[in-house]
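Visitor: I'd like to learn how to read a few features off a model like this one. Could we take the cysteines and then the strands?

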Amino acid sequence: MSQAAPDPAGLREALMSSPSLCPLEWSDDHAAVLFGRLSHDQYLAASFLDRRAIQPGVPTGLVPWSLAEPWLVALPRRCNFIFHISHCGSTLISRLLGSAPGLFSLREPGILRGLRPVDPETRFAAVLGLLGRTFRPEQTPLIKATSIVNAVADRLMTTTPEARAILVGVPAATFLAAVLDGSRSDIETHAAERHSRLLEMGRLEPGLASTSPGEQAAAAWACEMASLRQLADRFPDRIRWIDFDRFLAATAIHLEAMLQFLRQQADVTSILNSSVMQRYAKRTDVAYDAEFRNRLLAAARLRFGPEIDTGMNWLNRHGWNDLSADTGL
């Protein structure tokens, strides 16, 4: 695919026949989508299916959405999901499950982040048709969404009525330590959006703001957990909760249970004996395991103890401990 879009007939065939043309992100006006040509191995390696997946030699091109959407709504919408609260091990779970021969893991497609609750059904159907393509007919896509996509998770589940979803989280104190140590910018960037979502869900009083880093991190946990709770309440027979801390304590049991939930068969022992469990899931060139994670979290609790306490007090003050009820978190 070159910067000049191919003829409509050739483009239609390329989009409909395989996932080789991967949607990466919307244009600023949502009138077009940037596509990149990715191989099966490039899909498997990618932690983010957005601009970060564009490596040297990857052809890209913009495709007008008005041209593509009428074709894409006809594609089968066949997939499962991983929804999560961020910084909770969901990328590792995606890679482990993606080792099953019947699953095709897609991690954080940028095109999902551009969907809005007010978008028409045809847009959701076309996007999920795109993400439902696989390289082999026996594969089912397993889409790990970005945490802010939880805002439209109910629309995604409604548009794919056979889909199942794994909901991944960690207790609030673990989340606060991980976020304050590793990704304050992500929390700050989406603070206003999450504040609005908490208001819409009736989880925040008007005029109540989170100001300190600890409170902002706590609000992020509350917002995404509340979104997942709503999803679980709406689709109780189609979701499975996973506490990542408990997963690490009994990986084989939980991995086998997730595969069964997704109607898949795989050699769990072989998957867990692979290098996946010994590498940092977002950067597979970096050594990382459960013991190293525990050391990092312990150091973060020492370094950011006052802010963690501030965030936990903020959650307790507003009665948000109930968000963990019945989820195993």
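Guide: Sure. A disulfide is a pair of cysteine sulfur atoms within 2.5 Å. Keep in mind that this is a predicted model.

Visitor: How many disulfides does that rule give here?

Guide: The count comes to 0 disulfides. Take C79: it is in no disulfide, and the nearest cysteine sulfur, that of C22, is 14 Å away.

Visitor: And why is C223 not bonded to C88?

Guide: Check the distance against the cut-off. The closest cysteine sulfur to that of C223 belongs to C88 and lies 14 Å off, so it is too far for a bond.

Visitor: Are these two cysteines, C79 and C223, buried or exposed?

Guide: For burial, look at relative accessible area: under 20% is buried. C79 has 5%, so it counts as buried. C223 is buried as well, with 0% relative accessibility.

Visitor: On to the strands. In what order do they sit in the sheet?

Guide: Read the order from strand pairing. Here 3 strands form an open sheet, ordered β1-β2-β3, and the pairing is antiparallel. β1 (21-26) and β3 (60-64) are the edge strands, each pairing on one side only. On average, neighbouring strands are turned by 35 degrees against each other, ignoring direction.

Visitor: How many bridges join β2 to β3?

Guide: There are 5 between β2 (residues 32-37) and β3, which run antiparallel. For one residue to look up, try A32: its bridge partner in β3 is P64.

Visitor: Which helix packs on the sheet?

Guide: That's α3 (residues 65-72), which touches β1, β2 and β3. The direction of α3 makes about 80 degrees with that of β3.

Methods. Residues numbered from 1 in each chain as written. Predicted model: local features only at pLDDT ≥ 70, side-chain atom pairs only at ≥ 80, totals over all residues. Heavy atoms only, no water. Buried < 20%, exposed > 50% of the residue type's maximum accessible area, 1.4 Å probe, protein only. Pairing = 2+ DSSP bridges. Helix = DSSP H or I, 4+ residues; strand = E, 2+ residues; numbered from the N terminus. Axes fitted to C-alpha atoms, helices over the stretch in contact; angles between N-to-C directions. Contact = heavy atoms within 4.5 Å.
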